[in-house]
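The following exercises concern pockets and a helix in a protein model. Please work through each task before reading its solution.

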Amino acid sequence: MSNTRIAARMKNIVPFYVMDLLARAKQLEAEGRSIIHMEVGEPDFPTPKQVVEAGKQALDDGHTGYTAATGIPEMRQAISAHYRRQYDLDIDPGRIVVTPGSSGALQLVMGVLINPGEQVLMTDPGYPCNKNFVEFVSGVPRPLPVGPENNYQLSARQVEENWTESTRAVMVASPSNPTGTLLSREELNSIHAVVKARGGTLIVDEIYQGLIYGESSFSALEIDDDLFVINSFSKYFGMTGWRLGWVVAPVEFVDSLDCLSQNIFLSCPSLSQYAALAAFSPGCLETLEARRRAFKERRDFLLPALREIGFEIEVVPEGAFYLYTNSSKLTDDSFSFAYDLLETEGVAITPGKDFGVNRPEQHVRFAYTNSIENMTEGLRRIRRFVGK
């Protein structure tokens with residue numbers, strides 16, 4: 001008999017339910033079913049051709065070996081130039097650490113920042129993996145309930161009221177997943193002031209920063225040099241499978257991030273790094289901006305249609321590509337609702353259970369990462385489903 005003993009932390013690291021739902025959707029597709037995908041936060045647009053061509057050239061040029069753990073110098077410099085061009089910020093490339101996606105960035109940040117037993121405050125609902133990265137380093141995630149009354153974002157007052165001797169950091173996201181809402185510059189400044197006054201650290205997830213509609217965007221890096229900002233090539237740049245992201249860190253943490261990255265990842269994929277240099281080219285940025293406008297059109301199409309069916313959307317998302325809806329008029333069990341909708345009508349959406357314990361049974365998330373034509377068909381099927 002094998003002596004199998006799984007680490008205790010795994011009891012608190014829960015599955016990503018949407019991936020199970022996606023697997024079932026793919027299985028139904030393999031059986032010949034028509035599936036309308038509105039579940040996974042992955043752009044349906046292909047990686048821009050400029051990036052693909054740069055990747056091919058990188059292969060031809062032999063860029064297939066290890067790189068520095070912090071990333072190739074050209075990549076760090078290109079990201080720095082992006083902040084200068086987009087936000088008029090002068091970010092030292094030495095503060096930029098290139099990572100295997102934003103997930104790699106989060107793992108590194110939690111690893112160098114959080115000791116066992118220390119708390120990280122975050123939103124509920126929120127991106128589920130944030131909690132799990134804290135658990136992974138034996139920290140204590142402390143999700144705080146947020147709702148439409150506070151734009152599904154933490155407030156400085158809420159952070160202040162929930163700070164304890166064990167609190168080490170606060171993590172926010174703007175735009176957020178699953179709600180697509182933004183933190184205002186004023187509120188983010190106030191949160192930072194509370195965290196700094198208590199000797200903590202602010203972590204800001206900006207992986208949807210390029211996908212903002214209507215509002216002028218800004219980066220939290222304009223506030224101070226003592227916070228962490230995480231970003232990714234997956235969402236705005238359409239490079240999900242290339243697994244590339246970055247973190248801008250306080251200078252005193254860079255050596256530790258470098259050391260930990262050497263030990264966990266050794267380096268990011270060299271091919272992805274050389275390919276991603278083309279993501280900042282004028283032609284590619286023009287393509288990406290056209291896609292951003294297309295996502296806005298999709299949001300403006302899907303939102304009123306869902307409201308007409310009976311889904312409540314109290315806050316219009318200003319970024320990302322999600323609609324987090326209150327489905328309580330249609331069901332008291334959003335988890336079963338999502339799976340029944342998939343099995344019966346072939347429409348895949350994400351149940352609220354993935355995003356926390358703050359009334360998950362009353363919510364579902366729609367990702368408008370599909371064409372208006374396909375979403376039109378999906379809406380027709382949803383209407384038929386709720387009408388039965």
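**Exercise 1.** Which strands and which helix each supply at least two residues of the lining of the second largest pocket?

*Solution.* The model is predicted.
Step 1: the elements sought are strand S3 (119-124), helix H5 (128-136) and strand S5 (167-173).
Step 2: the lining comprises 24 residues, and Pro 128, Lys 131, Asp 354, Phe 355 and Gly 356 lie nearest the centre of this pocket.
Step 3: sorted by class, the lining holds twelve nonpolar, seven polar and five charged residues.
Step 4: the volume of the second largest pocket is about 420 Å³.

**Exercise 2.** Describe the largest pocket by its volume, its lining and the elements that contribute to it.

*Solution.* Step 1: the largest pocket holds about 730 Å³ of space.
Step 2: it has 30 lining residues, with Val 40, Gly 41, Glu 42, Lys 235 and Thr 240 closest to its centre.
Step 3: helix H1 (17-30), H4 and strand S7 (228-232) each supply at least two lining residues, and H1 gives the most, with four.
Step 4: by class, twelve lining residues are nonpolar, ten are polar and eight are charged.

**Exercise 3.** Is helix H4 mostly covered or mostly uncovered? Determine also how its span compares with expectation.

*Solution.* Step 1: H4 covers residues 101-113, and its 13 residues reach 19 Å from first to last C-alpha, close to the expected 18 Å.
Step 2: buried residues are those under 20% relative accessible area.
Step 3: ten of the 13 residues in H4 are buried, and the helix is mostly covered.
Step 4: the buried residues include Gly 101, Leu 106, Val 109 and Leu 113.

Note on methods: Residues numbered from 1 in each chain as written. Predicted model: local features only at pLDDT ≥ 70, side-chain atom pairs only at ≥ 80, totals over all residues. Heavy atoms only, no water. Expected span 1.5 Å × (residues − 1). Buried < 20%, exposed > 50% of the residue type's maximum accessible area, 1.4 Å probe, protein only. 1 Å grid on protein atoms, 1.4 Å probe; cavity = no way out; pocket = protein on both sides within 12 Å on 5 of 7 lines; lining within 4 Å. Points joined across faces, edges and corners; volume = space filled by probe spheres on them. Nonpolar A, V, L, I, M, F, W, Y, C, P; charged D, E, K, R; others polar.
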